[in-house]
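Grab a pencil and work through these short exercises. Try each task yourself before you read its solution.

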Amino acid sequence: SDSGSYSVVVTDANGCAGSDEIVISLDDCTGINELGTELSLMVYPNPSNGQFNLEAAGFNLAATTISIVDMRGNVLEVIRPTNSVFESVDIRQAAGVYYLMIEYNGKTSQQKIVLQ
């Protein structure tokens, strides 16, 4: 799906129709590297069975708070890394698509993860 205007028209069984339009703006958000040009966070393997490695470059991973968020925006788990560069995490959630919400230095970025 791309940014832009989308329209929907719904017609009920009696032939009555209603329509609405929504404008969607999407940012290409790939990870914490958007928080600064020298920052990056690698998350691998992705997809995985729930065991991920987090590897930071250009910032202290232990200074972050990472939340696991479902597609509805519910925070399911909070991870507080203890190592500055590398952390292994085991996410205990059902198979599906989730987001890592990474908070660092007063800013938040996201990384999509897939559990199989």
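**Exercise 1.** Find which backbone nitrogen atoms the side chain of D70 reaches.

*Solution.* Start with R72: its backbone nitrogen is 3.0 Å from the side chain of D70. Next comes N74, whose backbone nitrogen sits 2.8 Å from a polar atom of that side chain. Before going on, note that this is a predicted model, where local features need pLDDT of at least 70, side-chain atom pairs count only at pLDDT 80 or more, and totals for chains, interfaces and linings use all residues. Residues are numbered from 1 along each chain as its sequence is written, and side-chain values use heavy atoms, leaving out hydrogens and water.

**Exercise 2.** Work out whether D70 is buried or exposed, and what its charge finds nearby.

*Solution.* D70 is buried (under 20% relative accessible area; exposed is over 50%, partly exposed in between, with a 1.4 Å probe and protein chains only). D70 has no salt bridge (a side-chain nitrogen of Lys or Arg within 4 Å of a carboxyl oxygen of Asp or Glu). The nearest side chain of opposite charge (Lys and Arg count as positive, Asp and Glu as negative; His and the chain ends are not counted) belongs to R72, 4.9 Å away.

**Exercise 3.** Track down the salt bridge and say how exposed its partners are.

*Solution.* The count is one salt bridge. R92 pairs with D90, their closest N and O atoms being 2.7 Å apart. R92 counts as exposed because its relative accessibility is 65%. D90, at 31%, is partly exposed.

Terms used:
Polar contact = N/O pair within 3.5 Å; in protein donor to acceptor, adjacent residues only side chain to side chain.
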